[in-house]
Amino acid sequence: MKRKKSKTTKKALKASAAKLRRKALKLWTEIVRRSGDNKCAVCNVVHGTLNHNGKPRFINAHHIEDKCNYSTRWDTKNGVALCASCHQFHNPSSAHRSPVWFLDWLEKNRPGTISYILVARNLHPHTALGWTLEDLIKLVDDLEKQRAALPQNTTEAPTEGADLADSAESESDPQSSADDCSSSPPQSQQS
Ligand SMILES: [Zn+2]
């Protein structure tokens with residue numbers, strides 16, 4: 001009986017942690033977009049502007065250090081608001097297609113960001129499982145405070161129909177210890 005109970009508790013804690021991780025990512029995305037006034041930091045396209053096909057363009061929140069490094073996954077200084085084109089699609093100049101081009105852009109437009117991230121990327125646990133429930137509760141609390149401090153006139157851009165990745169990213173089955181970044185074994189977290 002006792003063993004069963006502790007198993008259930010463990011499961012519930014795991015589910016809560018996954019919920020908090022998702023909530024943190026949602027808050028991170030909102031803060032990054034709103035801090036950038038819901039427009040692309042590179043080309044200044046505003047959220048909702050129609051493209052040449054008459055479809056609205058969406059602003060994504062881009063992770064500078066890959067989101068699979070949990071140390072900076074929810075760090076809002078590790079995010080830039082980008083349109084889908086500057087984020088992923090434009091060839092050769094988009095953050096995902098040319099990381100070197102994007103690093104150069106960062107150096108010119110966000111001085112200090114790279115050196116900040118080089119430190120921050122090792123400050124916290126690298127994997128999802130390294131974050132305790134207490135860590136996650138504090139993190140969500142901090143992010144909520146950051147969101148509350150944003151100017152009132154910036155509202156969250158609707159995500160419906162967003163054509164892209166970072167804005168719609170999610171973690172997999174909350175019951176599972178795995179998530180979208182768990183392809184490498186836990187012992188490789190120092191790599
Ligand atoms: Zn753009």
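The following exercises, each with a worked solution, concern a predicted model of one chain.

**Exercise 1. Describe the order of helices and strands along the chain, and state how far contacts reach in sequence.**

Solution. Begin with the count: the chain holds 6 helices and 2 strands. Next, place these elements in sequence order, which gives the pattern α-β-β-α-α-α-α-α. Then turn to the contacts between residues at least 6 apart in sequence: 72% of them join residues at least 24 apart. One pair of residues illustrates separation in sequence and in space: Lys-26 and Val-140 are 114 residues apart in sequence, and their C-alpha atoms are 9.9 Å apart.

**Exercise 2. Determine how β1 and β2 pair, and whether the residues of β1 are buried or exposed.**

Solution. First, consider the pairing: β1 and β2 run antiparallel to each other and share 5 bridges. Within this pair, Ala-61 is opposite Ala-81 of β2. Second, consider the two faces of β1. Ile-59, Ala-61 and His-63 point one way, whereas Asn-60 and His-62 point the other way. Third, assess burial: 5 of the 5 residues of β1 are buried, which makes the strand mostly covered. Residues on both faces are therefore buried, given that 20 or more other C-beta atoms lie within 10 Å of each.

**Exercise 3. Identify the residues with the most contacts in the largest nonpolar core, and the elements that supply this core.**

Solution. Start with the core itself, which has 30 residues; those touching the most other members are Ala-24, Trp-28, Cys-40, Ala-81 and Leu-82. Next, trace the core to its elements: α1 (2-35), β1 (59-63), β2 (79-83), α2 (84-89) and α5 (133-148) each contribute at least two residues. The largest share, 7 residues, is that of α1. Now examine one member in detail. Beyond four places in sequence, Ala-81 touches Val-32, Arg-33, Gly-36, Asn-38, Lys-39, Cys-40, Ala-41, Ile-59 and Ala-61. As general background, nonpolar side chains in soluble globular proteins tend to be buried together. For the chain as a whole, 30% of the 191 residues count as buried.

**Exercise 4. Classify Lys-26, Asn-38 and Asn-44 as buried, partly exposed or exposed.**

Solution. The classification rests on counting other C-beta atoms within 10 Å: 20 or more means buried, 12 or fewer means exposed, and values in between mean partly exposed.

- Lys-26 belongs to helix α1. Lys-26 is partly exposed because it has 16 C-beta neighbours inside 10 Å.
- Asn-38 lies in the loop between α1 and β1. Asn-38 is partly exposed because 18 other C-beta atoms are within 10 Å. Its phi is positive, near 55°, although Asn-38 is not a glycine.
- Asn-44 is also located in the loop between α1 and β1. Asn-44 is exposed because 11 other C-beta atoms are within 10 Å. Its phi is positive too, at about 70°, again in a residue other than glycine.

**Exercise 5. Locate the stretches in which pLDDT is under 50, and decide how they should be read.**

Solution. Take the whole chain first: the mean pLDDT is 83, and 77% of the residues reach 70 or more. Then find the stretches in question. Over residues 160-178 pLDDT stays under 50, and the model gives this stretch 42 contacts beyond four places in sequence. Over residues 184-191 pLDDT is likewise below 50, and this stretch has 4 contacts beyond near neighbours in sequence. Finally, apply the general rule: where pLDDT is low, predicted coordinates should not be read in detail.

Technical notes:
Residues are numbered from 1 along each chain as its sequence is written. This is a predicted model: local features need pLDDT of at least 70, side-chain atom pairs count only at pLDDT 80 or more; totals for chains, interfaces and linings use all residues. A nonpolar core is a set of buried Ala, Val, Leu, Ile, Met, Phe, Trp, Tyr and Cys residues joined through C-beta atoms within 7 Å. Helices (H or I, at least four residues) and strands (E, at least two) are DSSP runs, numbered from the N terminus. Two residues are in contact if their C-beta atoms, placed from the backbone, lie within 7 Å. pLDDT is the predictor's confidence in each residue, from 0 to 100. Two strands pair if DSSP finds at least two bridges between them.
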